[in-house]
Structures are given as C-alpha cells and as structure tokens.
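This note sets out numbered remarks for a colleague who is beginning to read protein structures. Please keep the sequence and the model at hand while going through them.

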Amino acid sequence: MRTHNCGELRISNVGQEVTLTGWVHAIRDLGGIRFLLLRDRYGITQVVPEADPSVLDSFGRLGSEYVIQVRGVVRKRPEEAVRSDLPTGEIEVVAHEIKVLSEAETPPIYVDREDETSEELRLRYRYLDLRKARMTRNIVMRHRIVQAVREYLNNNDFLEIETPMLIKSTPEGARDFIVPSRLKRGKFYALPQSPQLLKQILMVAGFDRYYQIARCFRDEDLRADRQPEFSQIDIEMSFVEREDVMAMSEGLVAYVIEKVFGKRVSIPFRRLSYEEAMNRYGSDKPLTHFGMEIEDVTELFHESRLNFVQDALKNGAVVRGIVAPSGAASLSRKKVSEYEQIARSHGLGGLIWLKRDGDLKSSIDKYDRSIALAVAERLGLEADGFALLSVGEKEHVSVALGELRLKVAQELGLIKNDVYDFLWVIDFPMFEWSEEENRLVARHHPFTMPRIEDIEEKKDPLEIKALSYDLVMNGVEIAGGSIRIHRSDIQRWVFEKIGLSKEEAESRFGFLLQAFKYGVPPHGGIAFGLDRFVMLLLKERSIREVIAFPKTASGADLMMGAPSDVSDELLQELGIRIVQEQEVL
C-alpha cells in the first residue's frame with residue numbers, strides 16, 4: 001500500500017513516483033496555495049494536490065486525522081518553502097491521486113500539538129495521545145533502549161528466560177494482586193511483585209547468567225513514578241561478588257546511553273555508603289551535581305548563649321546546615337516561613353538563617369552575634385548567599401535539610417536537566433524497625449546477604465550492614481540489588497531476626513528452601529526500573545509519559561474502563577461471593 005514512509009523521502013528522491021499512506025496531520029490553504037501534511041510514526045511529508053479537478057475534489061473532502069493513500073511524484077520545494085526543522089523539508093509530493101482509507105470525526109484532543117489537555121482526557125483517548133510527536137518518540141525510544149539492553153546482555157552471555165505470571169503468594173513487600181483458580185476452587189494465584197525467588201532458583205538450576213524484561217505487579221498506593229504494573233530489567237548472576245554485579249550494571253548503562261543517544265558516560269560510578277549519603281545529602285538517592293552539601297556545625301554551638309540550642313545539645317541533638325551560593329537571592333520572611341514548614345513536617349522546630357546582604361544578618365544576631373559570625377565563616381557564606389540551619393535528632397535534621405536543599409536548588413535554577421549524575425549507594429542497614437508491625441523487618445528483602453563479619457562480631461541487628469546496592473540517576477533510584485543468601489544457616493538466622501517461625505518460613509518459601517538443599521552457588525543480582533530509567537533518559541517527569549497504556553494515580557484504566565464489574569455467573573463459576581462493606585463490619 002506504500003512505497004515509502006512519511007519520514008523517508010529526501011532530495012535524492014526527486015522525480016520518483018511514490019505511494020504514501022498516513023494520517024492527515026494538517027490542511028493548509030495559503031491564499032490559493034493548498035497542501036496538507038501527511039503523518040505516520042516515521043515523520044511528516046508535505047503533499048500538494050495536482051491541478052486536476054478530481055484530485056482537488058478529493059483534497060477538498062479531507063478532514064483532520066483522515067487516513068489516506070497518496071500517489072504522486074516527488075519534487076523539490078521552492079527555496080522559500082524549505083523547512084530545515086523537518087528531515088523531509090526539502091521536498092514535497094505532488095499528488096495525482098488521493099484515496100480515503102478511513103474517515104475520522106473531529107478528535108476530542110489535539111494531535112498536532114502539545115497543549116494543556118488534562119491527563120484524564122489524554123488517558124481516556126490514549127490512542128490519540130500516542131499519535132502526538134512527543135509520545136510517539138517516547139515509545140519508539142523506549143523500544144530502542146530495550147533493544148540496546150538486550151544486545152548488551154546477550155553479548156555478555158546472559159540468557160533471557162521467562163518466568164511465570166501466575167505464582168504462589170509470598171507476601172514480603174507490597175500487597176499481592178490475587179487471581180482465583182477456577183479449576184481448584186477456593187485456591188488463588190498471585191501476580192509476581194518481582195521474579196526474585198524464581199531467578200534465584202534459576203541460579204540453583206545452573207543458568208549462571210539470567211535476564212528478563214519482567215512484568216511486575218504491586219497492589220500499593222500510587223505516585224507519579226509508580227504503577228500497579230510495571231517493567232523491570234531483571235538480572236541475576238552466579239559466582240559473583242558485589243563489585244561484579246555493579247560493574248556489569250555500569251557497563252549496561254554506559255552501553256545503552258552511547259548506543260541510543262550517542263553520548264559517553266564515565267565508569268565506574270561513584271560509591272557512597274548509605275551513612276555518607278544521608279550525612280552529606282539527607283537522602284539515600286541523592287542528587288549531587290549542584291553541591292550544597294549538608295555540613296555539621298554542632299561544635300560551634302557548644303559555648304553559645306542560645307538556651308534552646310544548649311537544651312537540645314544536652315539531649316544528643318546536632319546542628320547542621322546548607323548554604324545557598326553567592327548571588328542566590330534575597331531571603332524573605334515568606335521564604336523562611338515556607339522553609340520552616342518543611343522542617344516542622346519532619347518533627348523539628350524552626351530554622352536558624354543567615355544571609356550576607358551587604359553585612360551579615362541572621363535570626364540569632366540579638367542572642368549571639370559571635371556564633372553567627374563563626375558559622376558564616378565555617379560555611380563559607382558569600383555575598384548575596386544564605387544559609388539554613390536546623391537543630392534536632394541527626395536523622396530528622398538530615399532528611400529535612402535534604403528536602404530543603406532540593407527545594408532551594410530548584411528555586412535557584414541549580415538543577416540541570418542535561419546531566420548524567422550517576423552514583424551507587426552501598427552498605428545499607430540489613431534491618432530496620434517497623435513501628436507498624438513492632439518488629440525488625442528486612443530493609444531490602446530477607447534473601448539479601450548480610451555482612452558476615454557483622455554477624456560474627458555479634459553486632460546489634462540494626463547495626464548490621466547488607467551486601468546490597470542501589471544505583472541512583474539524577475536523584476532517582478533506577479536500580480537496586482544485592483548479593484543473595486546461599487547458606488541455609490544464614491537464611492534461618494535472618495528469618496529468626498525478622499520474627500518468622502520455621503513453620504511460617506516453610507509455608508511461604510518452602511519451595512526455595514527445598515531447592516537450597518541441593519547445592520547453591522553464591523549469587524547476586526539487580527533489577528532496573530525500566531520505566532524510571534526511560535523516563536530519566538527522555539527527560540520526562542512521570543513514567544506515565546513513557547508507558548503506552550498507563551493507569552491513573554488511583555489505578556484506573558480510563559480507556560478500557562478497568563477495573564470493572566464481572567457477571568454473577570463468572571463469580572459463581574469461580575466460587576467467589578462479593579461481600580458488601582456492612583457485612584465486613
């Protein structure tokens with residue numbers, strides 16, 4: 001039906017007779033000069049109707065988004081009509097036949113431009129939204145990124161192996177999506193939150209290098225960077241240590257960026273311990289390229305006359321702060337109040353502020369001017385810069401200042417969108433305390449290998465480090481993984497620490513424990529959040545912009561109308577009865 005696509009023709013094709021198909025992108029009538037722009041996923045070609053009554057009649061009956069077939073001859077555009085912004089901008093096709101393949105009603109959203117259409121309307125008419133140039137590019141680029149991922153892993157002896165979508169429910173993270181079994185009434189499958197246990201079993205089976213572009217499902221509250229179903233680049237390797245997995249992952253990232261975008265990134269990436277990341281940036285996924293690191297000035301306040309600080313220091317508090325650079329902006333009362341709200345949201349009091357607006361000014365001048373001067377000198381506060389300090393428990397102060405440094409940097413235009421800010425965060429705590437469950441829980445998952453020397457030294461469980469690692473890109477975690485436990489004694493120890501009895505462990509993970517009786521290689525892996533990775537590479541703000549058919553923040557598919565009711569007959573066949581809310585109560 002076509003000899004070329006709409007992004008293919010060039011000056012070298014002048015004089016050729018061609019057939020094109022596509023959508024009517026736009027129709028123009030410039031004082032008697034009539035033409036249309038024909039679009040497909042490859043690009044846009046300008047079409048001019050031949051001065052033939054039948055062709056002009058066909059042209060006159062066209063509308064926006066009609067699907068048509070055009071037969072004609074390629075000619076060079078007049079110099080004044082050349083468009084340098086289009087690959088096909090030097091030519092046009094003179095149509096001697098226009099055939100309508102499919103008519104179209106007026107679209108409810110614009111296809112030929114970016115506008116302020118609501119996300120709800122865009123998702124309801126996703127098939128129209130995907131026709132937009134930006135969205136088409138995003139989906140095409142996602143394909144190219146995935147293709148490059150496969151190339152790299154295939155070239156490094158990995159096997160792509162599919163794992164099942166219907167598995168046993170093994171709740172250890174978010175809620176599972178449950179699927180009823182018709183053949184075994186009253187029994188249920190779960191959709192996989194990840195292929196974690198299955199890929200470990202593949203290592204037991206001897207497939208020492210596995211990968212999969214895996215579909216994963218989590219029934220959790222959603223955000224802009226979360227979906228109930230998502231994709232991850234799932235990787236597992238046998239006979240490796242932590243650095244082996246990290247080096248392979250760095251190679252993957254570098255290969256994808258060079259292959260798809262033609263840019264080189266320097267490897268290896270920086271390593272920061274979890275403790276260092278929290279101390280310097282107040283986050284375990286820090287954005288670092290603009291500086292503004294958190295600094296500790298506690299010692300300067302030991303002799304201060306600020307009673308509220310002295311009382312806090314006696315209770316183990318710290319004083320930490322961030323500095324906005326020279327020429328930042330004036331620090332208004334309104335801004336200080338706004339920043340203090342962030343501190344209070346983390347359980348802290350107000351903020352101490354300093355600024356050089358000509359002379360040094362601070363919120364503590366009338367109480368202890370000497371301390372203000374000492375702090376300004378220690379922090380290197382420059383002309384037209386300002387500093388924000390917080391007093392309190394170290395972790396709360398660090399997290400609050402971490403949030404503040406991002407907000408200040410955003411307001412001052414310090415965050416760049418054209419950087420590749422990669423780093424690893426390592427040495428995470430193995431366990432953390434869950435107030436909700438009143439017990440220790442695994443920080444990553446209970447199959448992560450703890451640092452053996454920490455166990456042998458009989459450290460407090462909250463001080464034990466894990467052999468886990470997160471890869472951060474531009475302040476977003478794009479991958480996380482760990483060396484896995486391959487020793488039964490350590491696995492039992494971890495289950496014991498998180499309060500899992502032998503019977504519970506057997507009930508949840510019996511198939512894995514059984515497999516571990518028959519020779520387990522040391523192994524580890526990592527999973528990249530494919531949607532997040534693509535989002536950052538394409539400089540989008542939400543993963544919904546790089547997924548063909550995403551859900552809303554409430555998990556709804558507006559185009560298909562899911563989730564939806566099902567018939568009573570189907571529920572009866574499955575042995576399911578819908579219980580009304582008042583019955584539950």
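Which residues of β15 lie on its covered face, and which on its uncovered one?

1. The model under review is a predicted one. In β15, L360 and S362 make up the covered face. The uncovered face of β15 consists of D359 and K361.

2. The strand β15 (residues 359–362) pairs with β14 in the antiparallel sense, and four bridges link them. Two of the facing pairs may be located in the display: K355 stands opposite K361, and D357 has D359 as its bridge partner. The hairpin of β14 and β15 has one residue between the strands, and G358 there takes a positive phi near 85 degrees.

3. Strand β14 (residues 352–357) is also joined to β16 (residues 386–392), again by four bridges, and these two strands run antiparallel. Within this pairing, L354 has A387 of β16 as its bridge partner.

4. Before β16, attention is due to D384, which is found in the loop between α10 (365–379) and β16. Its phi is near 65 degrees, a positive value in a residue other than glycine. D384 has a relative accessible area of 42% and is therefore classed as partly exposed. A second case is D157, in the loop between α4 and β6. The phi of D157 is positive as well, near 70 degrees. With a relative accessible area of 63%, D157 is exposed. As background, most residues other than glycine have a negative phi.

5. An open sheet is formed by eight strands, and its order is β6-β9-β10-β22-β21-β20-β17-β11, with mixed pairing. Why is one side of β6 and of β11 left without a neighbour in the sheet? β6 (159–160) and β11 (270–273) stand at the edges and each has a single partner strand, so one side of each has no neighbour there. Inside the order, β10 (residues 229–238) and β22 (residues 523–529) pair in the antiparallel sense over seven bridges. In that pairing I235 stands opposite I526 of β22.

6. Helices accompany this sheet. Helix α4 lies across β6, β9 (209–217) and β10, and it runs at about 150 degrees to β9. Helix α7 (residues 274–281) packs on the sheet and touches β11 and β17 (422–426). The direction of α7 makes about 90 degrees with that of β11.

7. Is T288, in the loop between α7 and β12 (295–296), buried or exposed? T288 counts as buried because its relative accessibility is 10%, and the cut-off for that class is under 20%. Leaving out residues up to four places away in sequence, T288 touches R270, Y281, R405, D421 and L423.

8. I201 offers another example, in helix α5 (residues 196–204). I201 counts as partly exposed because its relative accessibility is 26%. Apart from neighbours within four places in sequence, I201 is in contact with F511, L512 and A515. I201 and A515 are 314 residues apart in sequence, yet their C-alpha atoms are 7.0 Å apart in space.

9. Two peptide bonds deserve a check in the display. The bond that joins I267 and P268 is cis, with omega about 5 degrees. P268 is found in the loop between α6 (242–261) and β11. The bond from A562 to P563 is also cis, with omega near 0 degrees. P563 has its place in the loop between α15 (530–537) and α16 (568–574). For context, most peptide bonds are trans.

10. The second largest pocket has a volume of about 850 Å³. Its lining comprises 33 residues, and R39, D40, R131, A133 and T136 lie nearest its centre. By class, this lining divides into 13 nonpolar, seven polar and 13 charged residues. Each of β1 (17–30), β2 (33–40), β3 (43–49) and α4 (133–155) supplies at least two residues of the lining.

11. How many cavities of 30 Å³ or more are found in the whole structure? The search finds one. The largest cavity holds about 40 Å³ of space. L123, R126, F549, P550, D557 and M559 line this cavity, and they comprise four nonpolar, no polar and two charged residues.

How values were computed:
Residues are numbered from 1 along each chain as its sequence is written. This is a predicted model: local features need pLDDT of at least 70, side-chain atom pairs count only at pLDDT 80 or more; totals for chains, interfaces and linings use all residues. Side-chain values use heavy atoms; hydrogens and water are left out. Buried means under 20% relative accessible area, exposed over 50%, partly exposed in between (1.4 Å probe, protein chains only). Contact means heavy atoms within 4.5 Å. On a 1 Å grid over the protein atoms alone, a cavity is a set of points where a 1.4 Å probe fits but cannot get out, and a pocket is an open set with protein on both sides within 12 Å along at least five of seven lines; lining residues have an atom within 4 Å of a point. Grid points are joined across faces, edges and corners, and a volume is the space filled by probe spheres set on the points. Ala, Val, Leu, Ile, Met, Phe, Trp, Tyr, Cys and Pro count as nonpolar, Asp, Glu, Lys and Arg as charged, and the others, Gly among them, as polar. Two strands pair if DSSP finds at least two bridges between them. Axes are lines fitted to C-alpha atoms, for helices over the stretch in contact, and angles run from 0 to 180 degrees between N-to-C directions.
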